Amino acid sequence: MGYAILIIGFLAIIASIVYQVLTVKKVERSKKSKISKKSFKTLGLLVGVTSLGSLLVNIGLVVINKWWTKTSFIEGVFEGESISFALQAIMMFVGGVILAASINTLVLGFRFRYYKTNIDPGYRKLVSKIMFISIPVVVVSFLIWSNGIGPYLAYPLISGFGIDENGFHFTATSNGIIWEPEWADGIRNPHTYMYGGFKIAFYALFILLGFGVCYWIADHNLYKRYGKHGEADVVAILAFLAGILGARIWYVVGNWSREFAGQPWYSMFQIWNGGLTILGGAFGGFIVGYLLVVFLRPHWERRWVIDFAVPTILLAQAIGRTGNFTNIEVYGALVNVNDGIWRILPNWLLMQMNFDPSGMSLGAGMIHVPLWFIEAMINLSGYFIIRFAIGEGLKKYLVPGDLGGCYFAWYGIVRFILEPLRDSNYNMGTDNSWSICNSMAYIFIGVAIFVVLHIHDWVESKGEDTKKIVFPVAGGLTILSLLFPLLQSITISAETGTYTAYTGFDMMFNNGATLALIGLIVLAIAGIVTIIAGFLKGKTSTIVVLSSIALALVGVVLFFMSNRGLKLIPDGYDPEKVVYNLSYGYVLVALTNVLSLAATIGYAWASYFKKKDNAPKIEEAPVVEEANV
């Protein structure tokens, strides 16, 4: 009986979706600007059929699994607490019906708003309201439905599937535990593991889904502007592959001493065993994507593309973090679910976070802080803040490309705050310094993008005289690096948790950091040369500016290699186990030189490397009216 109800429900949903697609295409192609009452009634009826199908599917699941017989939690975070089947059923059925209806109306509203080319303005406003109202309804109804079904699922949840010599298996967590839906005497059977074989983790599927969302947004924006779909295909795919490669390289470099040193050389290529970092993936994808736009799509306005495309990476990252949920990883400290506000989270999330990666329960009332979830929500919010609150609300203060810089600054700040809160098993490097430094690098990259773009546009609008301001300021920033000897510049940690701090002076003159001294001298010369360039003219100024940029880059490289070969070992520390951490002095040098180089490059881009750009300017692009999309 239960299976019959389930099958009828699925058939109703499938039939409704197919009929909806045919009806929508017919309405979109119609020469009439208004949507007929008959079409509205037909689509309304189909939405109702989809909702009814959702109800039948949920009823079928209840009947098949006899969920009404489970009256309390046997194990896990809520162990011993009672379950009200009536309440759970109401949430499951009502939430499922509203969820199906709201997803339908969201899709229909979007299709008619953007893809009916001749839609009447009044109807366009109506379908727009339907579309935007549907978004929060989808979110709320999903939470209601999922909280209804949550207590009846088997935890840890399915995280992937695989095939080995014993056949096909669903797996749970990242360790290859064979997922077990059956309960014996109220307690799940002991876990067994897949050894060898072929495994696919849902994490990979979530990464692909994130890419799909980014691609869809890019394709939609390009269609609105240039009136053509498929423009982003090659660029998006190659940038995505470059992102995967960058994520792996970044992970291998950061975790070399922890994971790869002493292992076979091919272990660094075994990506299926896990090991990707978002910081490297986003950076690799951004660089390759930009180069592809330059060489393969010269008719695109590049800075406009950066503004809509780069912030979408936050959406991909938020979706990708869901893979950390199914794998049970990238979490924080162990806490009691009744402490703080953890009870407001969905029950299925709390029950999943009650397990460790080996599939063992943490005990009643205990969970890992779901940092992956916190980061995902911050990233999701960040996309809308950058794209709309900043992009639209602060439009008069921005220049094209600023929103790309906002992405790097935003994500750098998020990771800088959250990294120290992670469980140490998910830190990068031996002491997490790799992730912290890279988070700061992201912040600096964002700041550099702002400076380069604003200086470039200012110089273009004001002319060559601006160099009398730009170069002295840039050179002065570089010279500020000379404060390094006075600041705490490195700390030395021991396994006991103690650490000792040293100034730049201690490093350079007493303990082997010769490269820091040489780098500091080179940076000082670069700063002086940059200031002089502000008062020169013609080719001489060009040569001097390029020389100052080269000197500054050499100085920074030398400087950041200076922590190698240090001989700073405080009394009582084991020389084999000390860890050197960069401190305030290095941060000052990095920040001042990023700002200086960004200002100099921005000026050089606007003045010395100015070429006729064949790409249409934003105001000149062949914009397709939104009402006609």
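Colleague: In which sense, left-handed or right-handed, does α1 pass α2?
Modeller: A word on the model before we look: it is predicted, local features need pLDDT (the predictor's confidence in each residue, from 0 to 100) of at least 70, side-chain atom pairs count only at pLDDT 80 or more, and totals for chains, interfaces and linings use all residues. A crossing is left-handed if the near helix is turned anticlockwise from the far one by less than a right angle, and right-handed if clockwise. By that rule, the crossing in which α1 passes α2 is left-handed.

Colleague: What is the angle at which α1 and α2 pack?
Modeller: Residues are numbered from 1 along each chain as its sequence is written, and side-chain values use heavy atoms, with hydrogens and water left out. Helices (H or I, at least four residues) and strands (E, at least two) are DSSP runs, numbered from the N terminus; α1 covers residues 2-29 and α2 covers residues 37-65. Axes are lines fitted to C-alpha atoms, for helices over the stretch in contact, and angles run from 0 to 180 degrees between N-to-C directions. The axes of α1 and α2 are 7 Å apart, and their angle is about 160 degrees.

Colleague: And how are α1 and α2 oriented to each other?
Modeller: Angles under 35 degrees count as roughly parallel, over 145 as roughly antiparallel, 65 to 115 as roughly perpendicular and the rest as oblique. The angle of α1 and α2 is about 160 degrees; the two are therefore roughly antiparallel.

Colleague: Which residues of α12 make the contact with α10?
Modeller: α10 (residues 313-327) and α12 (residues 371-393) pack with their axes 8 Å apart, at an angle of about 165 degrees. Contact means heavy atoms within 4.5 Å. From α10 come L314, L315, Q317, A318, R321, N324 and F325, and from α12 come W372, E375, A376, N379, L380, G382, Y383 and I386.

Colleague: How many residues in that contact of α10 with α12 are nonpolar?
Modeller: Ala, Val, Leu, Ile, Met, Phe, Trp, Tyr, Cys and Pro count as nonpolar, Asp, Glu, Lys and Arg as charged, and the others, Gly among them, as polar. Four residues of the contact are polar and two are charged, while the nonpolar ones number nine.

Colleague: Which strands stand at the edges of the open sheet?
Modeller: Two strands pair if DSSP finds at least two bridges between them. The order of the four strands is β3-β2-β1-β6, with antiparallel pairing. Each edge strand has a single partner, so one side is left without a neighbour in the sheet; these strands are β3 (177-178) and β6 (198-201).

Colleague: What residue of β2 stands opposite I163?
Modeller: β1 and β2 (residues 167-172) run antiparallel and are joined by six bridges. A hairpin of two residues links the strands. Opposite I163, in β2, stands F168.

Colleague: Which peptide bond is cis?
Modeller: Most residues other than glycine have a negative phi, and most peptide bonds are trans. Here we look in the loop between α4 (121-149) and β1, where P156 lies. With omega near -5 degrees, the cis bond runs from Y155 to P156.

Colleague: How many contacts does the stretch 611-629 have beyond near neighbours in sequence?
Modeller: The chain has a mean pLDDT of 84, and 88% of its residues reach 70 or more. Over residues 611-629, though, the pLDDT is below 50, and the contacts of this stretch beyond near neighbours in sequence number 43.
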